[in-house]
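This report describes selected elements of secondary structure and the contacts between them. It is to be read beside the sequence and the structure shown here.

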Amino acid sequence: MHGEYKVPGGKLVVIDFDVVDGALANVRLAGDFFLEPDDALDAVNAGLEGLPQQASAEEVVRRVREALPEDAQLLGFSPEAIAVVVRRAITGARDWREYDWEILHPGALPPRVHVALDQVLTEEVGAGRRGPAIRFWEWNEDAAIIGSFQSFKNEIDPVGAENEGVQVVRRITGGGAMFMEADSVVTYSLYVPAELVAGMSFAESYAFLDQWVLEALQEIGIDASYEPLNDITSPKGKIGGAAQKRLGSGALLHHATLSYDIDADRMLRVLRIGREKMSDKGTKSAKKRVSPLKSQTGMERPAIIRHLIDKFVELHGGAPGEVKDEELERARELAETKFASREWTHRVP
């Protein structure tokens, strides 16, 4: 069996082994990481020999820690990373490059159609009717998009939203609210088979699926990093956040929103929770907490999106694709029957 895992912000870890009578044999760990002393590698390989094939990640970590010499130095990886790569080999996880990615970047759509399209395209991947894809959003309306499990009344000031002309839409993923003025954020959605993140915990999959974004942001001068569980940040402040939804069909939706520009005062007139977060953190202004891409790079939003697309293709491959007519038609139908309904929008009052 063979497994690979690029540690977010770290090095590549590779493992090969056989399975004999339900246990690991002939274990060979490799990668571009740093490990001292030299014989620590042989010690880890020996420690994993005989590990039951169904061992948990916690058991793998325990075996590795027990096998490592007391003076061992691991740089660019960790026992937890070894556990991930072992589990990925056992579960038959696949690599990004094993898929034919489609890059979707349709024109402006209403916010409700965007969240409906996330559901439709994830279902299509799960049903095997389309391959994995990444989609970048465009819209020309203002919206506050709340997480699937957030309380409407706790998150939204309805008077403020009405006065500001901001529609409220509930998406299918968890996580926090997204204040999305036209041309003010960069949002993308990944539609992938769950096997891409096989062997990872939910927390590990978040950082793994957004690692390409961190590398892209670093190339344009942003010292971007991942802050568990789902924040993309920099020393100057938070840039954005991610959310996921996993379907029983085996498909996964992972999307992230990065702040390009922000009218923080307007956002706080719409989002109640924003006021609480600012108060809780002792921050007088959201401008001191959220650090948009525009202020950090000086780049135009379309140029940033182009750079993100180019980086994704460089790392993972991909070719331009299109949202099918029948997919868009289904999304528009869902936008009206589900996502515009009071029943859905206020599912958590």
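## Helix H4 and the mixed sheet

In this predicted model, helix H4 (residues 111–126) lies across strands E8 and E9 and runs at about 5 degrees to E9. An angle under 35 degrees counts as roughly parallel, so H4 is roughly parallel to E9.

The two strands beneath this description belong to an open sheet of 3 strands, ordered E9-E8-E10, in which the pairing is mixed. Strand E9 (167–170) and strand E10 (178–180) are the edge strands, each pairing on one side only. From one strand to the next, the twist averages 20 degrees. Strand E8 (residues 143–146) pairs with E9 in the parallel sense, over 4 bridges. Within this pairing, Ile 145 stands opposite Val 169 in E9.

## The antiparallel sheet and helix H1

A further open sheet has 3 strands in the order E1-E2-E3, with antiparallel pairing. Strand E1 (2–6) and E3 are at its edges with a single partner strand each, so one side of each has no neighbour in the sheet. The twist in this sheet averages 20 degrees from one strand to the next. Helix H1 packs on the sheet and touches E2 and E3; the direction of H1 makes about 155 degrees with that of E3. Angles over 145 degrees count as roughly antiparallel, so H1 is roughly antiparallel to E3.

E1 and strand E2 (residues 12–20) pair in the antiparallel sense over 5 bridges. Lys 6 has Leu 12 as its bridge partner in E2, and Glu 4 stands opposite Val 14 in E2. These two strands form a hairpin with 5 residues between them, and Gly 9 in the turn has a positive phi of about 75 degrees. E2 and E3 are also paired in the antiparallel sense, over 7 bridges, with Gly 31 in E3 as the bridge partner of Val 13. The hairpin of E2 and E3 has 2 residues between the strands, and Asp 21 there takes a positive phi near 55 degrees.

## Backbone features

Strand E3 (residues 23–31) contains Asn 26. The phi of Asn 26 is near 55 degrees, which is a positive value in a residue other than glycine.

Two cis peptide bonds may be noted. One joins Glu 36 and Pro 37, with omega at about -5 degrees; Pro 37 is in the loop between strand E4 (34–36) and helix H1 (40–48). Another runs from Pro 228 to Leu 229, with omega near 5 degrees. Leu 229 is placed in the loop between strand E12 (225–227) and strand E13 (231–234).

## Packing of helices H2 and H3

Helix H2 (residues 57–67) packs against H3 at an angle of about 130 degrees, and their axes are 8 Å apart. H2 is therefore oblique to H3. The crossing of these helices is right-handed.

On the H2 side, the contact involves Ala 57, Val 60, Val 61, Val 64 and Arg 65, which meet Pro 79, Glu 80, Ile 82, Ala 83, Val 86 and Arg 87 in H3. Classified by residue type, this contact has 8 nonpolar, no polar and 3 charged residues.

## Packing of helices H7 and H11

The axes of helix H7 (residues 202–219) and helix H11 (residues 301–316) come within 9 Å and cross at roughly 125 degrees. This angle makes H7 oblique to H11. The crossing of H7 and H11 is right-handed.

Trp 212, Glu 215, Ala 216 and Glu 219 in H7 make contact with His 307, Leu 308, Lys 311, Phe 312, Leu 315 and His 316 in H11. The contact of H7 with H11 comprises 5 nonpolar, 2 polar and 3 charged residues.

## Aromatic pairs

A pair of aromatic rings is described by the distance of the centres and the angle of the planes. The structure holds 11 aromatic pairs. One of them is formed by Trp 101 and Phe 312, which are edge-to-face, with 5.4 Å from centre to centre and 85 degrees between the planes.

Which parts of the chain does the pair of Trp 101 and Phe 312 tie together? Trp 101 lies in the loop between helix H3 (79–91) and strand E6 (102–104), whereas Phe 312 lies in helix H11, so the pair links parts that are 211 residues apart in sequence. Phe 312 is also among the H11 residues that meet H7.

Key
Residues numbered from 1 in each chain as written. Predicted model: local features only at pLDDT ≥ 70, side-chain atom pairs only at ≥ 80, totals over all residues. Heavy atoms only, no water. Axes fitted to C-alpha atoms, helices over the stretch in contact; angles between N-to-C directions. Parallel < 35°, antiparallel > 145°, perpendicular 65-115°, else oblique. Left-handed = near helix turned anticlockwise from the far one by under 90°. Contact = heavy atoms within 4.5 Å. Nonpolar A, V, L, I, M, F, W, Y, C, P; charged D, E, K, R; others polar. Pairing = 2+ DSSP bridges. Phe/Tyr/Trp six-rings, centres within 6.5 Å; stacked < 30°, edge-to-face > 60°.
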